[in-house]
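Hello,

Here is the structure I promised to send over. Have a look at it first, and then read on for what turned up.

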Amino acid sequence: MKRIVILGAGESGAGAAVLAKKEGFDVFVSDMSAIKDKYKKLLDDHGVEWEEGHHTEEKILNADEIIKSPGIPKEAPMIRKCMEKNIHIISEIEFAGRYTHSKMVCITGSNGKTTTTSLIYHIFKNAGYDAGLAGNIGKSLALQVAEEPHEYYIIELSSFQLDDMYDFRANIAILLNITPDHLDRYDFCMQNYVDAKMRILQNQTQEDSFIYWNDDPVIKKELDKYDIKAVKCPFSELKEKGSIGYIEEGQYKIEYPTPFNMEQEELSLTGKHNIYNSLAAGIASNIAGIKKEEIRKSLSDFPGVEHRLEKVATVGGVLYVNDSKATNVDACWYALESMKTPTILIIGGKDKGNDYNEIKDLVKKKCAGIVYLGADNKKLHDFFDGMGIPVADTHCMKDCVEACEKMAKPGYTVLLSPCCASFDLFKNMEDRGEQFKTLVRNL
Ligand code: ADP
């Protein structure tokens, strides 16, 4: 019997264990940290052996194959040891893909993955398609393949998942954009990160589709390097050569495979970045054969995703917007770009090597104030203080919201779009967004 060892028992690892057990493997799960109770129960219910708080080498290095959680870096000592022993390491998505013939709609990019994935799922479900939501969005593909198979899977893929994928084939692949992110996990080499993203193309055939943003300079450069077999479906903000999806004279248009259009104003998601996300989602749904009226309806009634340009409340004439998910500069750029009134920007947190020059012009154009929110705000002071815009220095959400309230005048927008990860002051970006929303609602 082949032995599969799973490193990391979160959503993906626990799901992979259930599928591996079902497929008759000798399965062992090991996690360096504590395993959540719900996953322990899942493993126990399926008779899977597990350990937490440490890795027992003898029980791991005898594996025929390792399934690695996307959260574990390749530099982790145990991964190094597995690589030294030439044990094949794969991701949960790769593993699950071996045991299903369902159609895979896969979404990757530096920004917009969760929004686009959720929007496509919304369209598929509303159209009555049998679809499962999976991947980086927080639902295990393997568990669904094992226990509640679907005809379609709508899968959000991070670069870390793509890193450990080899034979998996995306029937419909979407590449939204590539901008620097997570470089700490790619030896600070942008090309390594780009290569990971481009893996979404591998194994695609003539029967498949590749949807991508036509104006992304990084994608453009990469495309020449690949022999792309899939049908290419580029989209752009405005009509241009080659694009099959775009906005023209206030109309959202898709040319292929079934011509489709609707009023841009009817799209429920606002902001330039969401035009891209809505185009990618519409093209994917069109390719999957969903009827025009279904796509139109779902693009206009999608409620949006929490912590992404989420309108919280209007207090004293000031609109508060939670974009806590903006953990890099590019995401903040798009948030600022979509602001319609003078904006108080909340920025700061755990900086991943940000270059704030990218948002400098927009900050000058849109911001009436900046509130720093981080354990260490020095880099922000150094960059933004001299710009002639009022600033405030805060180290907790309570002080931050109070500072915003003081700075904002009726008609202003307060935008939490921090450019940074949240771990210096918060558990995660959700915690940061929740604290913001609670304090705003109590103003
Ligand atoms: P991801 O899952 O890739 O992190 P999300 O949909 O969660 O993407 O959005 C993350 C952040 O990026 C949000 O702050 C959002 O406003 C911004 N964003 C969403 N779509 C795009 C896009 N197509 N291009 C640039 N930024 C985007």
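A word on terms before the sheet: axes here are lines fitted to C-alpha atoms, for helices over the stretch in contact, and angles run from 0 to 180 degrees between N-to-C directions. Please keep in mind that this is a predicted model.

With that in hand, helix α6 (residues 113-126) lies across β6 (103-108), β7, β8 and β9 (172-175), and runs at about 165° to β8. These strands belong to an open, mixed sheet of nine, ordered β7-β8-β6-β9-β10-β11-β12-β13-β14. At its edges are β7 (131-135) and β14 (260-263), each pairing on one side only. From one strand to the next, the twist averages 20°. Five bridges join β7 to β8 (residues 152-156) in the parallel sense, and G132 faces Y153 of β8 there.

Now to helix α2 (residues 37-45), where the buried residues are Y39, L42 and L43. Why do they sit on the same side of α2? Because the arc they cover around the axis is only 95°. Their cover includes α1 (11-22), β2 (26-31) and β3 (49-52). The face turned away from that buried side carries the exposed D37, K38, K41, D44 and D45. Just after α2, G47 has a positive phi of about 65°.

Finally, the overall layout: domain 1 covers 3-90, domain 2 covers 94-301 and domain 3 covers 310-441. The centres of domains 2 and 3 are 29 Å apart, and 10 residues of domain 2 contact eight of domain 3. On the domain 2 side of that contact there are one nonpolar, six polar and three charged residues.

Best wishes

Note on methods: Residues numbered from 1 in each chain as written. Predicted model: local features only at pLDDT ≥ 70, side-chain atom pairs only at ≥ 80, totals over all residues. Domains from an automatic or database assignment. Contact = placed C-beta atoms within 7 Å. Nonpolar A, V, L, I, M, F, W, Y, C, P; charged D, E, K, R; others polar. Buried ≥ 20, exposed ≤ 12 C-beta atoms within 10 Å, placed from the backbone. Helix = DSSP H or I, 4+ residues; strand = E, 2+ residues; numbered from the N terminus. Arc of directions from axis to C-beta. Pairing = 2+ DSSP bridges.
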